[in-house]
Every structure is written in C-alpha cells, then in structure tokens.
Amino acid sequence: MKKFVMAGLAGTLAGIIATTQVAGPLVAQEAKANAGVYEQLDLFGDIFERIRAQYVEEVGADELIEAAIDGMLTSLDPHSSYLSPDDAEQMRVQTRGEFGGLGIEVTQEEGFVKVVSPIDGTPADEAGIEAGDFITHVDGESVLGLTLDKAVELMRGPVGSEIIITVVREGEQEPFDVSIIRDTIKLTAVRVRTEGTSVVLRVTTFNDQTYPNLKEGLDKQIEEAGGIDKINGVVLDLRNNPGGLLTQAIKVSDAFLEEGEIVSTRGRNPADGERFNAEPGDLAQGKPVVVLINGGSASASEIVAGALQDHRRAIVVGTKSFGKGSVQTVMPLRGEGAMRLTTARYYTPSGRSIQALGVSPDIVVEQPRRRPEEEEEEANSPRTRSEADLRGRLNNDSLSEDEIRQIEEDRAKAEATAELREEDYQLAYAIDILKGLSAFGTPE
C-alpha cells in the first residue's frame, strides 16, 4: 500500500513538474503577444497625436476615435460596423417600421455601394432603382473609398429634398443619373391580396410587424374567400426583401411548418450555437406554397426560403438569392452608440450554409424586362376578333345561361392571369403552379 501511495505521489509530483515546464513557455508566449498589442496601441496613440497636431485641418478627437473604431469593425466583413448614437437611434426606428430616406437596402462591393434591393413603394422603387445596381456617385461626389456608413450618410437628407445618384447597371453601356426626392419611408411589412383563388403574401421586410401582418392578412383573405377550401394555395413573395429580424424570419417559417428545424446558428465557439424549431400549427392548413425569390432576397428572406425548401413545404421559384448567411448582433455601447458585429453563420435545416452562395430556386424563372417599343406595339395592335363579334351569329344552344355565365367567368380569370403575366411574369408563373397542383389534387 505504501508503494502504491508513493507511486501516486511521484506521479503527481512529476505532473506538477511537467505542467510547470509546459506552462512556462505558454505564459511567456502570452506575455510576448500582449507586449505586441501594447506596442500597437502605443503606435495608435502616436499617430492619433500627430494627426491632431499636424493635420492640415483641425480634427476633433471624438471624430478620429469613432473613425478608428469603425475602420476596425468594417475591416472584418461588409456587415460589421460602428453605429454612432444617431445611427443607432435610426436603426431602432427602422426596426419599428418608419424612417426617412430613399428606401433602399445597400451593401458594399469592390469599393462601391451595391443595391441589395429597393423597398416596395418607396422613392427609390418608384425611380426605377433595381437590385444589383451599383451607386458610384451621390450628387456628383464619388463614393469609391468611403465606408458604407459614410456613403449612406451622403444619401441621407431632409424629407422633400432632391438627391441625384449615378448608377451603373448590368446591361447598360454607360452610367446614368437618377433623381430621387427623399421621403419618410413607412414600411408595410406584408401586403396581401388574392389573385384568382391564390393568396399572395408580399413580404417586403422583416420587422416587428411582419408576422402579425402576415397572419392577419392571410386569415382575412381565407375568410373573404369563404374558407380554406376556396383557395388553391399561397404565394409567399420574398423578392427584393433585404431581410431584417431573425426572430421574425423564424416566425414566418413556423407559420407554414408543423415541426422540424427552421434554422441553426453557429458562432466561433461551438457551445454558442442555437437551433430553432417549428411548433405545431400551419396557417395555410397544408395548402401548397410557392416562394418567390430573386437576387434582392437576402438574410431573413433566405432563412424562410431555405427552411420551406428543405422541408419540401414549398416550391421555390425565381432566381438565385443574394447569399447573406451571417448573423449580426447589435451590442449597445457607452454614450448611446452601438456596435453591429457578425457573431455567427446560419444554416438551413439540411445543414447547408448559403453564405456567398444564396438559395437556388427549384425552378429558375427570370423576370423579363419589357422594352418601351414592345409596349407601344401592343397598344397599337388591333384586337383579335372572334365568331362572337360577328353580327347575325348563331347562338350556342347546347348550354344553359348559368353554364355560359360560368364559362365567361372562367375565361375572365384566365385573361386576368394573362394580363398578370405581362405585368409580373414570375408571380404569374407561381400562380400557374398552384393551379396545376390544385387540378391534380394534393395529398392529405
């Protein structure tokens, strides 16, 4: 027994010696690393003082420090940044759904400002700004080399004032100027309507109002139609939706799922990962769902599209989405400012990341651009005549008046769909899919 205890003590002693021998170099390495950090901070202080003393114009200390902090954050990725007290307050206002500006979601690419998407019904949307446009100048001033926040600041201004932005667009040979009048942007998170027997849910952003608006609007359309059996399905239109709150993306996904994972997030520390699952309850009660996406669908939109696609709950139609697969956490700082920091990546239920790849639609459908000359030709083209237009024609004696009325109503619906196809080809395609699924019936 004594030998065993001694052996144990020897082992413990040897462990202490070995630990000391390993820990010694580690402590030395950490001290060396810290010394390097302090040297860099001294260098920063030296540069800071020289700028204050010798720069050609006087610069405020607060301005220099804020610029240094913002530079540190923006060097990490395009979505991390410093929010001054004014910017932090504006972000909080945007989350509530009303703010002043042009109505575009932007990011930075190759030094220029790139439009992720214009927001429906805003000055930018009405001026013809499109997802994928590059903004190179604001009122004649180049944005090349500016941080994204600085470029956005140039585009801000009083409501009612004019701004001229220079746009580079794929397919256009030369840059062109667009005049926009700034306005108060009131976001309607979800616009709801019925096309034929299909309910269309146009989700423009993910803010505090998104899920409540969606549920209320869908319930109302179902009630007005006379019950769930009177609709053939739902189109969830996420085109040009730049995203927003993760919590709302989860709720919108959950609205059409009975169970299963919606999204997972993974940070640098595996222990910080989270998984979000659906709870029982499908607002569409099993009716088919078609999700529309395009290059302006980003972030929260991609979470919804990816979740419904992976669970085979929806057919995704359109073009590849933007590909923003990262999560930003807004952290309050002293002095009423805030820091927006990328803290995790998110993954769809199948475990795929869409970062820089986007969500690929099940059916690729491009939105054709109409040329003005085509619209003029159609307006001037004569209407096609039929037997029913001829004077003295024979009447159809094989159908009752009710049957003829039903045929005419069906024809009117088909013609309305044809007109929609000219106006919005992708949406018409989605509605045609629902009609096809309805014709064949869907499994219970």
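This talk walks through a predicted model of one protein chain, from its overall make-up and confidence to individual side-chain pairs.

Let me start with the whole chain, since the later details have to be read against it. The protein chain has 11 helices and 19 strands, and of its 444 residues 36% count as buried. If we take the contacts between residues at least 6 apart in sequence, 66% of them join residues at least 24 apart.

As this is a predicted model, confidence comes next. The chain averages a pLDDT of 84, and 80% of the residues score at least 70. Residues 1–22 have a pLDDT below 50, and beyond near neighbours in sequence this stretch makes 0 contacts in the model. Where pLDDT is low, the predicted coordinates should not be read in detail.

Let me turn to helix 1, which runs over residues 2–54, and whose early part therefore falls in the stretch, residues 1–22, where the pLDDT is below 50. The pairs I want to show come from further along. Asp 46 forms a salt bridge with Arg 50, and the closest N and O atoms are 3.3 Å apart. Both residues lie in helix 1, 4 residues apart, which is about one turn of the helix. An α-helix has 3.6 residues a turn, so residues three or four places apart point the same way. As for their surroundings, Asp 46 is partly exposed, with a relative accessible area of 35%, whereas Arg 50 counts as exposed at 53%.

In helix 1 there is also an aromatic pair, Phe 44 and Phe 48, again 4 residues apart and about one turn of the helix. How are these two rings arranged, by distance and by angle between the planes? The pair is stacked, with 6.3 Å centre to centre and 20 degrees between the planes. The two residues do not fall in one accessibility class: Phe 44 is partly exposed at 41%, while Phe 48 is buried, because its 14% lies under the 20% cut-off.

The count of aromatic pairs in the model comes to 2, and the other one I can describe belongs to helix 11. Tyr 425 and Tyr 429 both lie in that helix, 4 residues apart, about one turn. Their ring centres are 6.3 Å apart and their planes stand at 55 degrees, so the pair is tilted. Tyr 425, at 30% relative accessibility, and Tyr 429, at 28%, both count as partly exposed.

Helix 11, residues 425–440, also contributes to a salt bridge that reaches out of the helix. The side chains of Asp 432 and Arg 421 meet at 2.6 Å, N to O, with Arg 421 in helix 10, residues 401–423, and the two positions 11 residues apart in sequence numbering. Asp 432 counts as partly exposed at 31%, and Arg 421 likewise at 30%.

Now to salt bridges across the fold, of which the model has 17 in total. Side chains of opposite charge can pair when their charged atoms come close. Asp 120 and Arg 202 are one example, at 2.5 Å from N to O. Asp 120 sits in the loop between strand 4 and helix 4, and Arg 202 in strand 11, so the pair ties together parts that are 82 residues apart in sequence. Is Arg 202 buried or exposed? Arg 202 is buried, with a relative accessible area of 9%. Neither residue stands alone, as salt bridges that share partners join Asp 120, Arg 191, Arg 202, Asp 237, Arg 239 and Asp 424 into one network.

A charge can also meet a ring: the charged end of Arg 266 sits over the ring of Tyr 347, 3.8 Å from its centre.

Two local examples remain. Helix 2, residues 61–74, has 14 residues and spans 20 Å from its first C-alpha to its last, close to the 20 Å expected at 1.5 Å a residue. Its buried residues are Leu 64, Asp 70 and Leu 73.

The second is Gln 248, found in helix 7, residues 246–254. Gln 248 is buried, with a relative accessible area of 5%. Leaving aside neighbours within four places in sequence, Gln 248 is in contact with Phe 206, Asn 207, Asp 208, Thr 210, Tyr 211 and Pro 212.

Note on methods
Residues are numbered from 1 along each chain as its sequence is written. Side-chain values use heavy atoms; hydrogens and water are left out. A salt bridge is a side-chain nitrogen of Lys or Arg within 4 Å of a carboxyl oxygen of Asp or Glu. Buried means under 20% relative accessible area, exposed over 50%, partly exposed in between (1.4 Å probe, protein chains only). The expected span of a helix is 1.5 Å times one less than its number of residues. Rings of Phe, Tyr and Trp (its six-membered ring) pair if their centres lie within 6.5 Å; planes under 30 degrees apart count as stacked, over 60 as edge-to-face and the rest as tilted. A charge sits over a ring if NZ of Lys or CZ of Arg is within 6 Å of the ring centre and within 35 degrees of the ring normal. pLDDT is the predictor's confidence in each residue, from 0 to 100. Contact means heavy atoms within 4.5 Å.
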